[in-house]
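Subject: Structure for you to look at

Hi,

Here is the structure I promised to pass on. Have a look at it first, and then read my notes below.

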Amino acid sequence: DATTPTQLPIIEKALKLVPILTGNSENVIKRKNDIIARALQDILLSGSESTKIRDQVVGVLTKFNTADLSLESKIVQPGYERTLRQCLLIDNQGKINAMNLVVDFLSQFIHEDMDNIEITPGFVYTLDDLYNALEFSLINEGILSNGTSFDKLNSLKVRLRSIMNSDLKKVFEVEEHISKAEFVENFFKSNSRNAQVVGVSFGDLDERTIKMLTKILSKIFFNYVTTLLNRGSFPIHIVIEEAHRYVQNDSDLEVLGYNIFERITKEGRKYGIILGLITQRPTELSKTVLSQCGNFVVFRMYHPADLGIVSSLSSAVSEESISKLKTLKPGTALAFGTAFKLTQLIKIEKQFLTHL
């Protein structure tokens, strides 16, 4: 549910930080010290009021710390030794006199080669871990000193927290990890045998979650078939009922740079994945997706806007055919497209539908 492109880098950073903030290997802790130290230096050098700087540093180190870097870390100078917490004390002039000592102390944890540290694939984490990583990502971006940015990006935390406090949380509580390829292959199996038809029902979920999951599944399927060495060896036909609720002209293009349904309709055929849409409101569908459809089976409809869409789909559809759509009997439809030599009326027997 990201609504602006500025939210995506925060989400991506949070996903990268999860294994670092929750891991305990030597390399991971070294990387953790690095990102905490960088965030603290940004706060210390932000130019904000001393009390705000102190509160932010204390807030970060209270929640994110290691054995080497915490509020109780010792900062040693000739003749005395103080904890990092003590170095944050504000004098009677309203300044943190030991700020330079803290900055120098943090410098020892910052290394330029930290981005090259690899995290073990298949890392399993909880929503709580993700929430902590998201919170740190926001801090690491320095948004605490920018009220406008914080208000826009803080909505991500609110949405994630709403999932954590809902029944949806149990969906994310797993103790094992499989690859996306294994997920796809298992998805199309029943009792270890390949299944020709798999039905997915999202009836118990809210509208927003259903839309999101429909896109995620479609994206996973599309990515899987595009990575196969033998192109088209695993054909998938995605059929979406009530498609006007999911395949829309929404903000995906502006936020993500693509709409997954549009990508499937434009690129999917060469990889063996195609899209079938069932809808009562064609005017609400993505115009790009609709333009890529090759065949149409149109049952009775009345709305002028919907009739106009059907009329514009093919030059082979006459005004006479459009007028017939208003009076078609149940089970009768207007069919046209690449699978039909001519636009024609067809009748689908009820026994056939029952068999399906």
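Starting with how much is tucked away: 37% of the 356 residues in the protein are buried. Bear in mind as you read that this is a predicted model.

First, the overall picture. The protein has 14 helices and nine strands. Its C-alpha trace spans about 95 × 45 × 35 Å along the principal axes. The radius of gyration is 28 Å, whereas a compact globule of 356 residues would have one near 21 Å. As for how the chain meets itself, take the contacts between residues at least 6 apart in sequence: 65% of them join residues at least 24 apart.

Then the surface and the charges. About 21,600 Å² of the protein is exposed, and carbon and sulfur atoms supply 51% of that. On the charged side chains, I found 41 positive and 42 negative ones, with the centres of the two sets 7 Å apart.

Now for some strands you may want to click through. A good one to begin with is β5, which covers residues 236–240. Which of its side chains are buried, and which are not? Ile-236, Ile-238 and Ile-240 point to one face and are buried, while His-237 and Val-239 point to the other face and are not buried. That fits the usual pattern, because in a regular strand the side chains alternate between the two faces of the sheet.

β5 also has a partner: five bridges join it to strand β6 (residues 273–277), and the two run parallel. If you want a spot to check by eye, Ile-236 has Ile-273 in β6 as its bridge partner.

Further along there is β8, residues 332–337, where five of the six residues are buried, leaving the strand mostly covered. What does β8 pair with? One partner is β7 (residues 295–298), joined to β8 by four bridges and running antiparallel to it. In that pairing, Asn-295 stands opposite Gly-337 of β8. Another partner is β9 (residues 344–347), also antiparallel to β8 and joined by four bridges. There, Leu-334 stands opposite Leu-345 of β9. β8 and β9 make a hairpin, and six residues lie between the two strands.

That's what I have for now. Shout if anything is unclear.

Cheers

Technical notes: Residues are numbered from 1 along each chain as its sequence is written. This is a predicted model: local features need pLDDT of at least 70, side-chain atom pairs count only at pLDDT 80 or more; totals for chains, interfaces and linings use all residues. Side-chain values use heavy atoms; hydrogens and water are left out. The radius of gyration is taken over C-alpha atoms; the globule rule is 2.2 Å times the number of residues to the power 0.38. Buried means under 20% relative accessible area, exposed over 50%, partly exposed in between (1.4 Å probe, protein chains only). Contact means heavy atoms within 4.5 Å. Accessible areas come from the Shrake-Rupley method with a 1.4 Å probe; for residues, only the protein chains shown count as cover. Lys and Arg count as positive and Asp and Glu as negative; His and the chain ends are not counted. The place of a charge is taken as NZ of Lys, CZ of Arg, CG of Asp or CD of Glu. Two strands pair if DSSP finds at least two bridges between them.
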